[in-house]
Amino acid sequence: MPRLSILMPTLRPDYADNAIRQVLMCSGRHDYELIVVSPFPVAGDRIRHIPEETPEGDSAAYARALAAASGDIVLPMIDDFAPAFGWLDGLAEAVERAEKEVLPFCGGLHWVNHPWFNTAYDRYYAFFPVMSRRSLALSGGYIDTAFRANFGDVDLSLRVWEAGGRVAMLPRSGIYKARPEDEARLSPYKRHGAEADFAALIGRWHQRLGDGRPASFNGVIATHDISDLDDPRWFAGRSGHFS
């Protein structure tokens, strides 16, 4: 059984090819599998392909990948991103150390060429959530299919906080934007579904966490400079890093 399961939905063969090559080059000899959900075939060392003839959005693809995954720890890959060399070094150990302190735990891959982080309702959320099976069980699972392609990472992080857990960046586990955004080739759920997905987020969380703030994107989501990541306001007194 592999220790790590990397989940990658993709609709773009050229982007997928680049992301797959980067994963294989940058992951060393770690015990991992790469599960690719796509309408086109892929094959290769450590790769498991899950056919998706009719794409239903990123969240549905993550659910299909997770159902096929066998690793103890799951993490995402996006086809227009690439991992930094050595991105898996120490990742499983960091998750294990964090879980000795608090459960559930959600780690966030470090988006190295994006010098900001986001909060939702003044709580840090992971752009690229990394979780063990036991933390998933304690927080209600991975990306919820109620969110077709947007805000699933926000909802997952809020579920971890609500369960008494912790969400923190894994600063040694780097990932970076490697290909330009191509709006014309995004799934229709990604291009046109943000409003419906945000409504689902508000419907689930605003009454509990809104505390008089407007139920708008800017009222809920905030962007901060990465230098402020250790500000305890975003972590209920806990550090934003776990290394």
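Lys177 is partly exposed in this predicted model, with a relative accessible area of 25%. Its salt-bridge partner is Asp80, and the closest N and O atoms of the two are 2.7 Å apart. Asp80 sits in the loop between strand 4 (73–76) and strand 5 (81–83), whereas Lys177 belongs to strand 10, so the pair ties together parts that are 97 residues apart in sequence. Asp80 counts as buried because its relative accessibility is 3%, under the 20% limit. The pairing also has company: Arg12, Asp79, Asp80 and Lys177 are joined into one network by salt bridges that share partners.

Strand 10 takes part in another such link. Glu101 forms a salt bridge with Arg166, with 2.9 Å between the closest N and O atoms. Here helix 3, which holds Glu101, is connected to strand 10, which holds Arg166, across 65 residues. The two partners differ in their surroundings: Arg166 is buried, with a relative accessible area of 2%, while Glu101 counts as exposed at 51%.

Helix 3 (residues 91–101) also contains Glu96, which is bridged to Arg3 in the segment before strand 1 (4–9), 93 residues away. The closest N and O atoms of Arg3 and Glu96 are 2.5 Å apart. Both ends of this bridge are partly exposed, Arg3 at 29% relative accessibility and Glu96 at 36%. In total, the count comes to 16 salt bridges.

Turning back to strand 10 (residues 166–177), Ser173 is found within this strand. With a relative accessibility of 3%, Ser173 counts as buried. Beyond its neighbours within four places in sequence, Ser173 is in contact with Trp87, Leu91, Leu109 and His110.

Helix 7 offers a further feature to look for. This helix spans residues 194–209 and has a kink of about 40°, centred on Gly203. Its buried residues are Asp197, Phe198, Leu201, Ile202, Trp205, His206 and Leu209. In an α-helix, residues three or four places apart point the same way, because there are 3.6 residues a turn. The buried residues of helix 7 pack against strand 8 (123–124), helix 5 (152–162) and helix 8 (217–220). Just after helix 7, Asp211 takes a positive phi of about 50°.

Finally, the cysteines deserve a glance. The count of disulfides comes to zero. Cys26 counts as buried at 9% relative accessibility, and Cys106 is likewise buried, at 0%.

How values were computed
Residues are numbered from 1 along each chain as its sequence is written. This is a predicted model: local features need pLDDT of at least 70, side-chain atom pairs count only at pLDDT 80 or more; totals for chains, interfaces and linings use all residues. Side-chain values use heavy atoms; hydrogens and water are left out. Helices (H or I, at least four residues) and strands (E, at least two) are DSSP runs, numbered from the N terminus. Buried means under 20% relative accessible area, exposed over 50%, partly exposed in between (1.4 Å probe, protein chains only). Contact means heavy atoms within 4.5 Å. The bend at a residue is the angle between axes fitted to the seven residues ending there and the seven starting there. A disulfide is a pair of cysteine sulfur atoms within 2.5 Å. A salt bridge is a side-chain nitrogen of Lys or Arg within 4 Å of a carboxyl oxygen of Asp or Glu.
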